[in-house]
Amino acid sequence: MNEPQIEVEIRPSAKPGSTKAYADVRLNFPDGELRLIGFGIIKQPGKFPWIGFPENRGQSQYFKVIDAKGRIRDAIIKAILAAYRKSEPELDS
């Protein structure tokens, strides 16, 4: 099976803080698609941005909703960061 085509939609965060935006990812396969909603784009002062995979908050901890390993994880993170950089030119400053 070929790797899916990845499309990303960036949604800026309305709240101040380290979470700068959210990303929704669409994995396009030859016979359908899979949408993954709610990745966090976190950028702390003086640090490079990183991607938080979607989680739900429980009573005392967070629980993963989506997880990925290997090349697909790397491809998702790379696609989200590239889309974010396009939407936020000042990121590199």
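Colleague: What makes a residue part of the lining of the largest pocket?
Modeller: In this predicted model, whose local features need pLDDT of at least 70 and whose side-chain atom pairs count only at pLDDT 80 or more, totals for chains, interfaces and linings use all residues. The largest pocket is lined by 18 residues, among which G52, F53, P54, E55 and Y62 lie nearest its centre. They count as lining because each has an atom within 4 Å of a point of the pocket (an open set of points on a 1 Å grid over the protein atoms alone, where a 1.4 Å probe fits, with protein on both sides within 12 Å along at least five of seven lines).

Colleague: Which strand supplies the largest share of this lining?
Modeller: Strand 3 does, with four residues. Strand 2, strand 3, strand 4 (50-52), strand 5 (55-57) and strand 6 (62-64) each supply at least two; a strand is a DSSP run of E with at least two residues, numbered from the N terminus.

Colleague: Why are strand 1 and strand 2 said to pair?
Modeller: Pairing requires at least two bridges found by DSSP. Eight bridges join strand 1 (residues 5-12) to strand 2, so these antiparallel strands pair. R11 stands opposite Y22 in strand 2.

Colleague: How do you know that strand 2 and strand 3 pair?
Modeller: Ten bridges link them in the antiparallel sense, so the requirement is met. N28 has E33 in strand 3 as its bridge partner, and a hairpin joins the two strands through two residues.

Colleague: With which residues is I41 in contact, leaving aside its neighbours within four places in sequence?
Modeller: Residues are numbered from 1 along each chain as its sequence is written, and side-chain values use heavy atoms, with hydrogens and water left out. The partners of I41 include I10, W50, I80 and Y84; they are called contacts because heavy atoms lie within 4.5 Å.
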